[in-house]
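Here's a quick briefing to read alongside the model. Have the sequence and the 3D view open as you go.

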Amino acid sequence: MNYPDNGAYMVAAYIVTAVVVVGYAAMLFYRSRKLR
Amino acid sequence: MTRRERALRTVRRGTVLTVVALLGLVIVYVRALMFTPIERFQGPAQKIFYVHAPVAWASLLAFAVCGLLSVGYLFMRDRRLDLLAMSSAEVGVALSVAMLTTGPIWGKPIWGTWWTWDFRLSSTLFLFLLFVGYLVLRGALADHEVRARYSAVLGVMALALVPFIHLTVYWFRTLHPAPVIMKPEAPSLPGVMLVTLLMSLAVFTLLYGGFLTVRYGLAVLEDVRLEEAAHELS
(Lines give C-alpha, C1' and ligand atoms only; values in the text may rest on other atoms or scores of the structure.)
Protein backbone atom coordinates (compact mmCIF):
# COMPACT_ATOMS: atom_id res chain seq x y z
CA MET A 1 0.00 0.00 0.00
CA ASN A 2 1.28 3.51 -0.85
CA TYR A 3 1.33 5.98 2.04
CA PRO A 4 2.12 9.72 2.00
CA ASP A 5 5.87 10.22 2.48
CA ASN A 6 5.80 12.17 5.76
CA GLY A 7 7.70 9.91 8.17
CA ALA A 8 10.20 12.70 8.96
CA TYR A 9 7.44 14.74 10.64
CA MET A 10 6.53 11.75 12.80
CA VAL A 11 10.17 11.25 13.86
CA ALA A 12 10.53 14.98 14.61
CA ALA A 13 7.40 15.00 16.80
CA TYR A 14 8.52 11.96 18.80
CA ILE A 15 12.00 13.44 19.31
CA VAL A 16 10.59 16.81 20.41
CA THR A 17 8.25 15.12 22.93
CA ALA A 18 11.11 13.01 24.35
CA VAL A 19 13.39 16.06 24.62
CA VAL A 20 10.74 18.12 26.44
CA VAL A 21 9.76 15.32 28.84
CA VAL A 22 13.29 14.11 29.62
CA GLY A 23 14.55 17.71 29.74
CA TYR A 24 11.96 18.69 32.35
CA ALA A 25 12.64 15.51 34.35
CA ALA A 26 16.38 16.32 34.30
CA MET A 27 15.67 19.89 35.42
CA LEU A 28 13.60 18.65 38.38
CA PHE A 29 16.37 16.18 39.29
CA TYR A 30 19.00 18.96 39.17
CA ARG A 31 16.84 21.22 41.36
CA SER A 32 16.29 18.43 43.88
CA ARG A 33 20.06 17.84 44.08
CA LYS A 34 20.60 21.54 44.74
CA LEU A 35 17.96 21.72 47.48
CA ARG A 36 19.05 18.64 49.44
CA MET B 1 9.02 13.74 61.08
CA THR B 2 9.93 17.35 60.19
CA ARG B 3 8.44 19.26 57.26
CA ARG B 4 11.78 19.03 55.43
CA GLU B 5 11.90 15.24 55.87
CA ARG B 6 8.34 14.88 54.61
CA ALA B 7 9.20 17.00 51.56
CA LEU B 8 12.27 14.86 50.83
CA ARG B 9 10.10 11.73 51.06
CA THR B 10 7.62 13.34 48.60
CA VAL B 11 10.46 14.07 46.17
CA ARG B 12 11.67 10.46 46.40
CA ARG B 13 8.16 9.07 45.77
CA GLY B 14 7.67 11.43 42.84
CA THR B 15 11.03 10.40 41.38
CA VAL B 16 10.02 6.72 41.48
CA LEU B 17 6.69 7.57 39.82
CA THR B 18 8.47 9.61 37.13
CA VAL B 19 10.98 6.85 36.38
CA VAL B 20 8.13 4.30 36.04
CA ALA B 21 6.28 6.70 33.71
CA LEU B 22 9.42 7.28 31.60
CA LEU B 23 9.84 3.51 31.22
CA GLY B 24 6.16 3.36 30.21
CA LEU B 25 6.84 6.08 27.65
CA VAL B 26 9.56 3.92 26.08
CA ILE B 27 7.02 1.07 25.75
CA VAL B 28 4.46 3.46 24.21
CA TYR B 29 7.07 4.69 21.70
CA VAL B 30 7.95 1.11 20.68
CA ARG B 31 4.29 0.11 20.39
CA ALA B 32 3.25 3.25 18.48
CA LEU B 33 6.17 3.26 16.05
CA MET B 34 6.60 -0.49 15.44
CA PHE B 35 3.39 -2.33 16.31
CA THR B 36 0.59 0.09 15.43
CA PRO B 37 -0.51 0.18 11.77
CA ILE B 38 0.02 3.21 9.55
CA GLU B 39 -3.18 5.08 8.76
CA ARG B 40 -3.97 4.86 5.03
CA PHE B 41 -4.73 8.53 4.24
CA GLN B 42 -2.46 10.47 6.60
CA GLY B 43 0.49 8.07 6.48
CA PRO B 44 3.16 7.90 9.22
CA ALA B 45 2.40 11.47 10.36
CA GLN B 46 -0.87 10.21 11.87
CA LYS B 47 1.22 8.48 14.56
CA ILE B 48 1.98 11.93 16.00
CA PHE B 49 -1.55 11.57 17.40
CA TYR B 50 -0.29 9.03 20.00
CA VAL B 51 1.92 11.64 21.64
CA HIS B 52 0.12 14.88 20.76
CA ALA B 53 -3.33 13.98 22.14
CA PRO B 54 -2.06 12.46 25.44
CA VAL B 55 0.37 15.32 26.11
CA ALA B 56 -2.47 17.79 25.39
CA TRP B 57 -4.70 15.86 27.83
CA ALA B 58 -2.01 15.90 30.53
CA SER B 59 -1.32 19.62 30.14
CA LEU B 60 -5.03 20.55 30.24
CA LEU B 61 -5.42 18.28 33.27
CA ALA B 62 -2.52 20.11 34.94
CA PHE B 63 -4.11 23.50 34.27
CA ALA B 64 -7.54 22.29 35.46
CA VAL B 65 -6.00 20.90 38.68
CA CYS B 66 -4.19 24.21 39.21
CA GLY B 67 -7.50 26.06 38.80
CA LEU B 68 -9.37 23.77 41.21
CA LEU B 69 -6.59 24.03 43.82
CA SER B 70 -6.69 27.81 43.39
CA VAL B 71 -10.41 27.76 44.20
CA GLY B 72 -9.56 25.66 47.26
CA TYR B 73 -6.83 28.11 48.30
CA LEU B 74 -9.16 31.12 48.07
CA PHE B 75 -11.62 29.39 50.42
CA MET B 76 -9.21 27.72 52.88
CA ARG B 77 -6.02 29.83 52.65
CA ASP B 78 -3.95 26.67 53.06
CA ARG B 79 -0.34 27.23 51.95
CA ARG B 80 -0.04 23.62 50.70
CA LEU B 81 -2.85 24.19 48.18
CA ASP B 82 -1.01 27.25 46.83
CA LEU B 83 2.27 25.32 46.44
CA LEU B 84 0.47 22.38 44.80
CA ALA B 85 -1.36 24.74 42.39
CA MET B 86 1.92 26.40 41.42
CA SER B 87 3.53 22.98 40.89
CA SER B 88 0.67 21.86 38.65
CA ALA B 89 0.88 25.09 36.64
CA GLU B 90 4.62 24.63 36.03
CA VAL B 91 4.18 20.99 34.94
CA GLY B 92 1.32 22.10 32.67
CA VAL B 93 3.51 24.74 31.03
CA ALA B 94 6.30 22.18 30.45
CA LEU B 95 3.88 19.67 28.89
CA SER B 96 2.24 22.42 26.82
CA VAL B 97 5.58 23.06 25.12
CA ALA B 98 5.38 19.49 23.76
CA MET B 99 1.69 19.95 22.84
CA LEU B 100 2.32 23.25 21.03
CA THR B 101 5.28 21.90 19.06
CA THR B 102 3.91 18.46 18.07
CA GLY B 103 0.63 20.07 16.90
CA PRO B 104 2.23 22.21 14.16
CA ILE B 105 4.58 19.33 13.20
CA TRP B 106 1.45 17.22 12.59
CA GLY B 107 -0.43 20.11 10.96
CA LYS B 108 2.16 20.86 8.29
CA PRO B 109 1.90 17.57 6.33
CA ILE B 110 -1.86 17.15 6.91
CA TRP B 111 -3.27 20.70 6.72
CA GLY B 112 -0.44 22.16 4.61
CA THR B 113 0.33 24.81 7.22
CA TRP B 114 2.24 24.93 10.52
CA TRP B 115 -0.30 27.14 12.24
CA THR B 116 -3.72 28.68 11.72
CA TRP B 117 -5.42 31.23 13.96
CA ASP B 118 -8.60 29.25 14.54
CA PHE B 119 -10.36 29.04 17.89
CA ARG B 120 -8.89 25.74 19.14
CA LEU B 121 -5.29 26.61 18.38
CA SER B 122 -5.53 30.25 19.44
CA SER B 123 -7.30 29.49 22.73
CA THR B 124 -4.75 26.77 23.57
CA LEU B 125 -1.88 29.18 22.91
CA PHE B 126 -3.66 31.82 25.00
CA LEU B 127 -4.01 29.38 27.91
CA PHE B 128 -0.30 28.53 27.69
CA LEU B 129 0.65 32.23 27.72
CA LEU B 130 -1.74 32.82 30.63
CA PHE B 131 0.09 30.21 32.71
CA VAL B 132 3.49 31.56 31.67
CA GLY B 133 2.15 34.87 33.03
CA TYR B 134 1.00 33.05 36.18
CA LEU B 135 4.57 31.81 36.81
CA VAL B 136 6.08 35.23 36.00
CA LEU B 137 3.60 36.87 38.40
CA ARG B 138 4.64 34.49 41.18
CA GLY B 139 8.28 35.31 40.57
CA ALA B 140 7.60 39.04 40.72
CA LEU B 141 5.78 39.12 44.09
CA ALA B 142 7.84 38.74 47.27
CA ASP B 143 5.03 38.59 49.85
CA HIS B 144 3.73 35.04 50.14
CA GLU B 145 0.11 35.92 50.96
CA VAL B 146 -0.21 38.44 48.13
CA ARG B 147 1.52 36.10 45.66
CA ALA B 148 -0.75 33.19 46.57
CA ARG B 149 -3.94 35.28 46.41
CA TYR B 150 -3.16 37.00 43.09
CA SER B 151 -2.01 33.80 41.39
CA ALA B 152 -5.05 31.89 42.72
CA VAL B 153 -7.35 34.47 41.11
CA LEU B 154 -5.47 34.04 37.81
CA GLY B 155 -5.65 30.24 38.18
CA VAL B 156 -9.43 30.36 38.70
CA MET B 157 -9.87 32.57 35.62
CA ALA B 158 -7.77 30.19 33.55
CA LEU B 159 -9.82 27.23 34.79
CA ALA B 160 -12.83 28.62 32.91
CA LEU B 161 -10.88 28.32 29.65
CA VAL B 162 -10.23 24.55 29.92
CA PRO B 163 -13.79 23.28 29.11
CA PHE B 164 -14.08 26.09 26.53
CA ILE B 165 -11.00 24.75 24.71
CA HIS B 166 -12.44 21.22 24.71
CA LEU B 167 -15.72 22.45 23.19
CA THR B 168 -14.28 24.86 20.58
CA VAL B 169 -14.15 22.09 17.95
CA TYR B 170 -17.95 21.72 18.26
CA TRP B 171 -18.81 25.41 18.50
CA PHE B 172 -16.60 26.89 15.77
CA ARG B 173 -15.37 25.98 12.29
CA THR B 174 -11.83 24.70 12.78
CA LEU B 175 -9.18 22.60 11.06
CA HIS B 176 -8.57 20.77 14.34
CA PRO B 177 -10.26 17.33 14.44
CA ALA B 178 -13.00 16.58 17.01
CA PRO B 179 -12.17 14.31 20.00
CA VAL B 180 -12.05 10.56 19.29
CA ILE B 181 -12.51 9.41 22.91
CA MET B 182 -13.85 12.25 25.07
CA LYS B 183 -17.21 12.48 23.30
CA PRO B 184 -20.74 11.13 23.89
CA GLU B 185 -20.47 8.42 21.18
CA ALA B 186 -18.19 5.34 21.14
CA PRO B 187 -14.47 5.93 20.32
CA SER B 188 -13.92 6.28 16.55
CA LEU B 189 -10.63 4.37 16.29
CA PRO B 190 -9.78 0.76 15.32
CA GLY B 191 -9.00 -1.44 18.35
CA VAL B 192 -5.22 -1.63 17.95
CA MET B 193 -4.91 2.15 17.56
CA LEU B 194 -7.25 2.73 20.50
CA VAL B 195 -5.13 0.51 22.77
CA THR B 196 -1.97 2.47 21.83
CA LEU B 197 -3.76 5.75 22.51
CA LEU B 198 -5.13 4.55 25.87
CA MET B 199 -1.68 3.30 26.91
CA SER B 200 -0.19 6.65 26.00
CA LEU B 201 -2.94 8.51 27.89
CA ALA B 202 -2.24 6.39 30.99
CA VAL B 203 1.53 6.96 30.72
CA PHE B 204 1.21 10.75 30.31
CA THR B 205 -1.24 10.90 33.22
CA LEU B 206 1.26 8.97 35.34
CA LEU B 207 4.05 11.25 34.14
CA TYR B 208 2.00 14.26 35.18
CA GLY B 209 1.50 12.66 38.60
CA GLY B 210 5.23 12.00 38.95
CA PHE B 211 6.25 15.50 37.86
CA LEU B 212 3.62 17.08 40.12
CA THR B 213 4.76 15.07 43.16
CA VAL B 214 8.45 15.93 42.64
CA ARG B 215 7.71 19.60 41.94
CA TYR B 216 5.48 19.89 45.02
CA GLY B 217 8.19 18.32 47.19
CA LEU B 218 10.71 20.82 45.80
CA ALA B 219 8.30 23.71 46.40
CA VAL B 220 7.98 22.68 50.06
CA LEU B 221 11.78 22.36 50.36
CA GLU B 222 12.17 25.89 48.92
CA ASP B 223 9.54 27.12 51.38
CA VAL B 224 11.33 25.47 54.32
CA ARG B 225 14.62 27.04 53.23
CA LEU B 226 13.01 30.51 53.06
CA GLU B 227 11.47 30.02 56.51
CA GLU B 228 14.85 29.00 57.95
CA ALA B 229 16.53 32.03 56.35
CA ALA B 230 13.84 34.35 57.77
CA HIS B 231 14.24 32.73 61.19
CA GLU B 232 18.02 33.26 61.14
CA LEU B 233 17.59 36.93 60.19
CA SER B 234 15.15 37.55 63.06
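**Chain B and its helix partner in chain A**

In chain B, 79% of the contacts with a separation of 6 or more are between residues 24 or more positions apart (contact: C-beta atoms, placed from the backbone, within 7 Å). Keep in mind that this is a predicted model, where local features need pLDDT of at least 70, side-chain atom pairs count only at pLDDT 80 or more, and totals for chains, interfaces and linings use all residues. Residues are numbered from 1 along each chain as its sequence is written, while chains are lettered from A and ligands numbered from 1 in the order in which they are written.

**Chain B overall**

- Chain B has six helices and zero strands (DSSP runs numbered from the N terminus: H or I of at least four residues for helices, E of at least two for strands).
- Of its 234 residues, 38% are buried (20 or more other C-beta atoms within 10 Å of a residue's own, with C-beta atoms placed from the backbone).
- The C-alpha trace of chain B spans about 70 × 35 × 30 Å along its principal axes.

**Where the chains meet**

- Helix 1 of chain A (residues 7-35) and helix 6 of chain B (residues 191-233) have axes that come within 10 Å and cross at roughly 25° (axes are lines fitted to C-alpha atoms over the stretch in contact, with angles from 0 to 180 degrees between N-to-C directions).
- That makes the two helices roughly parallel (angles under 35 degrees).
- Residues of helix 1 of chain A in this contact include A:Tyr24 and A:Arg31, and those of helix 6 of chain B include B:Phe211 and B:Glu222.

Note on methods:
Buried ≥ 20, exposed ≤ 12 C-beta atoms within 10 Å, placed from the backbone. Contact = placed C-beta atoms within 7 Å. Parallel < 35°, antiparallel > 145°, perpendicular 65-115°, else oblique.
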